[in-house]
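Hi there,

Here is the structure I promised to pass on. Have a look at it first, and then read on for my notes.

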Amino acid sequence: MIKNQTVSIPTKDITAESHRNKGKPCDANSIISQGDLLISEVLFNPRTGGVDFVEIYNNSNHEVDLKELQLANVNAAGTIANVKNVSTKQLMIAPGSYWVITTNHNNVKQYYQTTFPTHFVQISSLPAFNNDKGTVILRSNGQVLDRLNYDAKIHHPLIRDEDGISIERVSFTVATNEPGNFKSAAALAGFATPTYQNSQREISGEDDVILLSKTFSPDGDNFEDLLSLNYQVAQNSSLATVNIYSDKGKLVRKLVKNQTIGAKGVLTWDGLDDNGSISAIGIYVILFDIFDLQGNTKRFKNTCALAGKLN
């Protein structure tokens with residue numbers, strides 16, 4: 001499985017989910033209510049040298065003070081245990097924002113793209129989240145705000161190595177432990193999306209793959225050096241294979257091979273072939289194949305022109 005694709009993440013769009021509690025008085029100092037903060041993403045099996053993290057989402061329409069928040073797990077008897085205070089001082093987070101709780105924010109930033117690098121809370125220790133299964137609990141003033149019972153079997157069945165791959169929440173309007181509401185973060189999103197909306201989220205609309213521009217010139221002048229393909233898929237946890245051919249039908253670049261993709265994203269081609277050489281000026285055909293575990297497939301075909309300076 002390829003793990004080194006570079007993906008440009010699209011501009012953040014805060015959906016109506018962040019306004020679920022519309023009409024609630026916007027008192028920044030009020031006690032956190034159930035439904036205000038939800039578990040959004042969990043990394044419980046980090047790669048060697050990595051650390052766990054829990055991402056939370058402000059699902060309300062008002063600021064929330066994390067000083068009131070606690071993180072916990074459960075013991076063998078099923079009782080809440082290992083309660084950790086998230087912040088010892090006031091820390092207000094905006095509605096519709098994603099924040100990450102971890103023991104080493106620099107470590108997380110080392111392994112994953114972080115769109116909002118200040119949206120971290122670093123604490124001395126997390127409750128233990130085992131690699132096979134466990135429970136993540138958010139609570140405030142003795143009240144459980146959200147609870148996720150996770151299992152490593154949540155991960156995509158075609159993933160061979162689960163180390164370093166987070167599980168992401170698909171919907172904030174569906175019960176946390178509803179089957180299918182947490183799925184493996186997409187390979188094309190870097191296997192985790194700390195501080196940013198989840199790659200495996202709900203979207204509206206049909207499957208589509210389009211070119212932002214049909215012409216590019218990878219000559220290093222910082223103008224249209226990359227070819228960008230916007231994609232979206234309605235079925236979460238889909239896989240994709242993306243190949244680029246010359247107009248003569250020769251395979252030039254295997255851009256993606258059987259990798260999990262997010263619900264929406266941008267894939268780029270720098271003009272290099274599989275040998276690392278710049279491809280010749282000309283017309284190229286991009287075949288973007290999407291498939292799922294039920295055997296459903298869909299192919300999108302786009303044509304582009306690789307331009308350059310004539311000698």
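Let me start with N258, which sits in strand β18. Its backbone caught my eye: phi of N258 is near 50 degrees, a positive value in a residue that is not glycine. Most residues other than glycine have a negative phi. As for its surroundings, N258 counts as partly exposed, at 43% relative accessibility. Please keep in mind throughout that this is a predicted model.

N82 deserves a look as well. Phi of N82 is near 50 degrees, again a positive value in a non-glycine residue. You will find N82 in strand β6, which covers residues 80-85. With a relative accessibility of 44%, N82 is partly exposed.

Now for the charged side chains. How many salt bridges does a search of the whole structure find? The count is six, and I will walk you through some of them.

Strand β18 comes up again here, through R253. D270 and R253 form a salt bridge, with their closest N and O atoms 3.2 Å apart. This pair joins distant parts of the chain: D270 belongs to the loop between β19 (264-269) and β20 (282-291), while R253 is in strand β18 (residues 251-260), a separation of 17 residues. R253 also forms a salt bridge with D274, where the closest N and O atoms are 3.8 Å apart. Here too the partners come from distant parts of the chain, since D274 is in the loop between β19 and β20 and R253 is in strand β18, 21 residues apart. Taken together, R253, D270 and D274 are linked in a network of salt bridges.

Are the members of this network buried or partly exposed? R253 has a relative accessible area of 18%, so it falls under the 20% cut-off and is buried. D270 is partly exposed, with a relative accessible area of 29%, and D274 is partly exposed too, at 42%.

Another salt bridge to open in your viewer is the one between the side chains of R169 and D146, at 3.2 Å from N to O. It links distant parts of the chain: R169 lies in strand β12 (residues 167-169) and D146 in strand β11 (residues 143-151), with their positions 23 residues apart in numbering. Both partners are buried: R169 has a relative accessibility of 2%, and D146 has one of 6%.

Happy to talk any of this over whenever suits you.

Best wishes

Technical notes
Residues are numbered from 1 along each chain as its sequence is written. This is a predicted model: local features need pLDDT of at least 70, side-chain atom pairs count only at pLDDT 80 or more; totals for chains, interfaces and linings use all residues. Side-chain values use heavy atoms; hydrogens and water are left out. A salt bridge is a side-chain nitrogen of Lys or Arg within 4 Å of a carboxyl oxygen of Asp or Glu. Helices (H or I, at least four residues) and strands (E, at least two) are DSSP runs, numbered from the N terminus. Buried means under 20% relative accessible area, exposed over 50%, partly exposed in between (1.4 Å probe, protein chains only).
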